[in-house]
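Colleague: Before I plan anything at the bench, I would like to go through this model with you, one question at a time. Could you keep each answer tied to what can be read from the coordinates?

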Amino acid sequence: MNGFNCDPVPTLHTERLILRQLKDQDLQPIFELRSNPKVNEYLGRDRSLSIEDTKEHIRTLQKGFQNNEIALWIMTKPIDDVMIGSVVMFQYQQENNSAEIGFEMKPEFWGNGFTSEAVYKVIEYCKTQIQLDSLRAVVQNGNEASLKIIKKAGFEKHEKLEEDLFEYILHLKNFKYAL
Ligand SMILES: CC(C)(COP(=O)(O)OP(=O)(O)OC[C@H]1O[C@@H](n2cnc3c(N)ncnc32)[C@H](O)[C@@H]1OP(=O)(O)O)[C@@H](O)C(=O)NCCC(=O)NCCS
């Protein structure tokens, strides 16, 4: 047991979104996200340069799902089921019953509150269903939208990891679902 039993993840509903498991049709939107310099600006990851890179990334994700190491929710709008972003949980730490959370959204949808809505729902799920004790988020200074989301949820700065890169922690007993 590495942390989650989330293969497949359960479908979660928010006011405006459906959060569902990964499907084959998500390949192109995932490529668009991973190849977009604006999305990658604060993420410190290699940009996908081809659909092949993205397929390799998806294979890694699928291994993570099978091993209960990664849980991924695809954000979609109910009207068309097209991926607009994602929320992921990974890096489970048994010693403190904690996982890291990450999220990304296609730039054309930024600023509508969609990610906040989805992240809060996943946090609530982690608290009530997976019964984690805490969540971690690693955020770079300057990533203002991301910092707003985690601070509103109650994450607090915990540790400096690198110049300008910090780990934040949310103790889930303190989390109350409210937007
Ligand atoms: C972080 C990210 C997912 C936010 O997505 P989003 O759907 O725009 O988020 P929301 O609309 O819920 O906005 C959250 C808050 O940030 C604010 N915000 C959105 N874009 C912003 C920007 N470019 N600069 C400053 N604040 C911004 C919103 O106004 C909102 O503030 P409020 O709660 O006070 O109203 C998106 O910017 C993104 O994909 N960034 C690249 C990937 C990334 O950095 N992920 C986080 C890794 S930890």
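Colleague: Which residues have the most contacts inside the largest nonpolar core, and which element gives the most to this core?

Modeller: Bear in mind that this is a predicted model. Its largest nonpolar core has 38 residues, and those with the most contacts inside it are Met75, Val87, Ala118, Val119 and Val122. The elements that give two or more residues to this core are β3 (71-76), β4 (83-93), β5, α4, β6, α5 and β8 (165-171). Among these contributors, the most residues, eight, come from α4.

Colleague: Which residues does alanine 118 touch, if residues up to four places away in sequence are not counted?

Modeller: Alanine 118 is one of the residues with the most contacts inside the core, and Met75 and Val87, which belong to that same group, are also among the residues that it touches. With residues up to four places away in sequence left out, the full list for alanine 118 is Thr14, Leu17, Leu19, Met75, Val87 and Phe103.

Colleague: In what order do the strands of the open sheet stand, and which strands are at its edges?

Modeller: Eight strands form the open sheet, with mixed pairing, in the order β1-β2-β3-β4-β5-β6-β8-β7. A strand at the edge has a single partner strand, so one side of it is left without a neighbour in the sheet. At one of these edges, β1 pairs with β2 (residues 18-20) in the antiparallel sense over two bridges, and histidine 13 stands opposite isoleucine 18 there. The edge strands are β1 (12-13) and β7 (156-162).

Colleague: Is β5 largely enclosed or left open by the rest of the structure, and how many bridges join it to β4 and to β6?

Modeller: Six of the eight residues of β5 are buried, so this strand is largely enclosed by the rest of the structure. On the β4 side there is a hairpin with four residues between the strands, and asparagine 97 in the turn has a positive phi of about 50 degrees; on the β6 side the strands run parallel, and β5, α4 and β6 make a right-handed β-α-β unit. The bridges of β5 number seven with β4, in the antiparallel sense, and three with β6.

Colleague: What stands opposite arginine 136 in β8?

Modeller: Arginine 136 lies in β6, where it is the bridge partner of glutamate 100. Five of the seven residues of β6 are buried, so that strand too is largely enclosed by the rest of the structure. Towards β8, β6 pairs in the antiparallel sense over seven bridges, and there the residue opposite arginine 136 is isoleucine 169.

Colleague: Which element gives the largest share of the shell around the ligand?

Modeller: The ligand is surrounded by 24 residues, of which the closest are Trp110, Thr115, Ser116, Glu144 and Ala145. Two or more residues of this shell come from each of β5 (98-105), α4 (114-130), β6 (134-140) and α5 (144-153). By class, the shell has 12 nonpolar, eight polar and four charged residues. Its largest share, six residues, is given by α5.

Colleague: Does arginine 45 count as buried or exposed?

Modeller: Arginine 45 sits in the loop between α2 (37-40) and α3 (51-66). In sequence it is 11 residues from arginine 34, and their C-alpha atoms are 8.9 Å apart in space. Because arginine 45 has 9 C-beta neighbours inside 10 Å, it counts as exposed.

Conventions
Residues numbered from 1 in each chain as written. Predicted model: local features only at pLDDT ≥ 70, side-chain atom pairs only at ≥ 80, totals over all residues. Near = placed C-beta within 6 Å. Nonpolar A, V, L, I, M, F, W, Y, C, P; charged D, E, K, R; others polar. Core = buried A, V, L, I, M, F, W, Y, C linked by C-beta atoms within 7 Å. Buried ≥ 20, exposed ≤ 12 C-beta atoms within 10 Å, placed from the backbone. Contact = placed C-beta atoms within 7 Å. Pairing = 2+ DSSP bridges. Right-handed = clockwise from strand over helix to strand, strands pointing away.
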